[in-house]
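This briefing goes through one protein chain, beginning with a single residue and ending with the chain as a whole. Please keep the sequence and the model at hand while reading.

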Amino acid sequence: MKSYTDQASIVVPPPPPRFTLNEWHLNNTFRYQCSVAQQELADSLLSESKRVCELTAETAKTNKEETDHRLKEKLEDIDFRKKELLRIRKEVILEIDALSTYKGRIMDALSSVKRNALIICEKCLIVREHRLGIDLVHDQVEAELLKECDVIKGTEILLTRILEQTQEQIRRLKATLYYMDHDLEDKENNLRIDKHNLTLKETSLNLSLYHGTSRLDPSTITLNEWEMQTNNNIISASKEINSARPMRAYIDTIIKQTIDDLNSQKNATDEAFRKRIEETKEIKTKLEVQHSEIMRQASEMTRNITQIEKSIAEKEGYMALAHTRLGNRCQRPGLELTRDLVETYLVKEVHDLREIVKELQQTLCEAQASLRYLLKTQIQLEEDINIKTNTLKIDEVDCMTLRQSMSYYAY
């Protein structure tokens with residue numbers, strides 16, 4: 001056990017320190033000076049705080065007014081650019097509608113050409129291959145038909161190319177319209193947001209402070225880039241409009257020119273048909289007149305042959321008479337069998353009759369040969385007339401009937 005003395009040394013605290021009077025005065029003076037210094041510092045801070053509050057209030061108010069002014073300017077700028085976009089957008093839509101109409105015109109013109117023109121020309125060429133004999137010639141009609149086929153094919157190629165160009169121009173206009181619509185939608189949202197921001201005040205409800213770590217201004221697009229976007233859209237749209245307007249005039253010219261060329265070639269082909277038909281009719285008429293004359297001459301030659309044969313038969317009677325007389329006179333007796341004038345004339349008669357019959361037979365042969373040639377010529381003329389009739393049927397009936405359905409219009 002510990003003793004009582006040990007316990008007392010542990011419980012009793014040490015005696016408090018003792019200060020001198022000088023230390024006491026110094027301490028009081030220091031406390032006073034500290035108090036005065038704190039009062040002066042507080043007065044200075046109060047004054048500075050008031051100044052700072054007034055200054056910051058003015059700065060905050062000025063900044064808000066400046067921001068409101070910038071918001072108004074921005075709204076006006078957006079609204080102006082929106083109106084410009086809407087204006088050019090309207091022009092683009094009108095140009096798309098106009099080009100769509102022109103596209104329809106091209107398709108109608110192309111359809112009218114493809115529908116039957118080339119088929120009719122090719123049919124005419126095929127039908128004319130059924131001409132017969134000498135009429136199966138390479139004439140002006142065939143040349144014009146081949147040229148017309150080339151003109152039609154060239155027109156189809158040209159109109160198809162113009163149609164593709166028109167479709168491409170419409171696509172490009174629609175592309176610019178898409179970008180403008182996207183830009184307009186963004187600007188409309190921007191207007192809505194900034195108009196709402198303009199209505200907000202420092203005393204408005206539902207204001208909030210952001211305590212996140214990411215930036216409050218995540219914008220990376222500069223004002224110049226923003227302006228260039230709209231400007232580029234307007235410039236691009238204007239460029240496409242300026243490309244589309246001359247194209248419409250070009251389409252007008254091409255359609256008119258191609259239709260004029262087609263009609264001109266159609267008229268040239270029809271004129272070639274007309275001349276060929278008239279020429280064929282004229283030749284056919286001449287052949288028919290010649291055929292009638294040949295038939296008349298053949299009939300007359302037939303009668304002539306009959307007359308010659310009759311004349312030969314008559315001469316044979318005279319010949320038989322003369323021979324009979326000479327035979328009978330050979331029966332004269334004795335000196336009566338003299339070469340008298342009667343016998344001389346009878347011999348002469350027989351000789352003359354032989355010459356006459358020989359001449360008649362020669363004439364008969366010539367007449368018969370002429371008749372054969374006449375009949376052969378008649379058959380040839382009939383064949384030629386039939387050929388011309390077939391040609392006229394092909395050109396005037398078949399081909400011209402087909403060509404009546406050919407028509408070109410500058411839609």
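In which helix does isoleucine 387 lie? In this predicted model, isoleucine 387 belongs to helix α5, which covers residues 341-403. The points below take up the surroundings of isoleucine 387 and of three other residues, and then the aromatic pair and the chain overall.

**Isoleucine 387 in helix α5**

- With a relative accessibility of 13%, isoleucine 387 counts as buried, because the cut-off for that class is under 20% relative accessible area.
- Once residues up to four places away in sequence are set aside, isoleucine 387 touches Leu132, Gly133 and Asp135.
- Valine 36 is 351 residues from isoleucine 387 along the chain, and the C-alpha atoms of the two are separated by 144 Å.

**Histidine 291 and phenylalanine 273 in helix α4**

- Helix α4 is made up of residues 223-329, and histidine 291 has its place there; phenylalanine 273 is found in helix α4 as well.
- Histidine 291 has a relative accessible area of 12% and is therefore buried, while phenylalanine 273, at 0% relative accessibility, also counts as buried.
- Leaving out residues up to four places away in sequence, histidine 291 touches Gln378, Leu381, Glu382 and Ile385, and these four residue numbers fall within the range 341-403 given for helix α5.
- Histidine 291 and cysteine 53 are 238 residues apart along the chain, with 132 Å between their C-alpha atoms.
- Phenylalanine 273 and glutamate 396 are 123 residues apart along the chain, and their C-alpha atoms are separated by 7.8 Å.
- Beyond its neighbours within four places in sequence, phenylalanine 273 is in contact with Arg128, Val141, Leu145, Asp395, Cys399, Met400 and Arg403.

**Leucine 145 in helix α3**

- Leucine 145 has its place in helix α3, residues 140-199, and at 0% relative accessibility leucine 145 counts as buried.
- Apart from neighbours within four places in sequence, the contacts of leucine 145 are Cys121, Cys124, Leu125, Arg128, Thr269, Phe273 and Arg403.
- Arg128 and Arg403 are among the contacts of leucine 145, and Arg128 and Arg403 are also among those of phenylalanine 273.
- The C-alpha atom of leucine 145 is separated by 8.7 Å from that of lysine 266, although their positions lie 121 residues apart along the chain as the distance in sequence is counted.

**The aromatic pair**

- A search of the whole structure finds one aromatic pair, and this pair is formed by tyrosine 178 and tyrosine 179, in an edge-to-face arrangement with 5.5 Å centre to centre and 70 degrees between the planes.
- The pair counts as edge-to-face because the cut-off for that class is an angle over 60 degrees between the planes.
- Tyrosine 178 has a relative accessibility of 54% and so counts as exposed.

**The chain as a whole**

- The chain contains five helices and zero strands, and read along the sequence its pattern is α-α-α-α-α.
- The radius of gyration of the chain is 64 Å, whereas a compact globule of 411 residues would have a value near 22 Å.
- Taken along the principal axes, the C-alpha atoms fill a box of roughly 240 × 65 × 30 Å.
- Buried residues make up 29% of the 411 residues of the chain, and the chain exposes about 28300 Å², of which carbon and sulfur atoms supply 57%.
- Among contacts in the chain with a separation of 6 or more, 91% are between residues 24 or more positions apart.
- The chain carries 61 positive and 69 negative charges, and the mean positions of these two groups are 1 Å apart.

Technical notes. Residues are numbered from 1 along each chain as its sequence is written. This is a predicted model: local features need pLDDT of at least 70, side-chain atom pairs count only at pLDDT 80 or more; totals for chains, interfaces and linings use all residues. Side-chain values use heavy atoms; hydrogens and water are left out. Helices (H or I, at least four residues) and strands (E, at least two) are DSSP runs, numbered from the N terminus. The radius of gyration is taken over C-alpha atoms; the globule rule is 2.2 Å times the number of residues to the power 0.38. Buried means under 20% relative accessible area, exposed over 50%, partly exposed in between (1.4 Å probe, protein chains only). Contact means heavy atoms within 4.5 Å. Accessible areas come from the Shrake-Rupley method with a 1.4 Å probe; for residues, only the protein chains shown count as cover. Lys and Arg count as positive and Asp and Glu as negative; His and the chain ends are not counted. The place of a charge is taken as NZ of Lys, CZ of Arg, CG of Asp or CD of Glu. Rings of Phe, Tyr and Trp (its six-membered ring) pair if their centres lie within 6.5 Å; planes under 30 degrees apart count as stacked, over 60 as edge-to-face and the rest as tilted.
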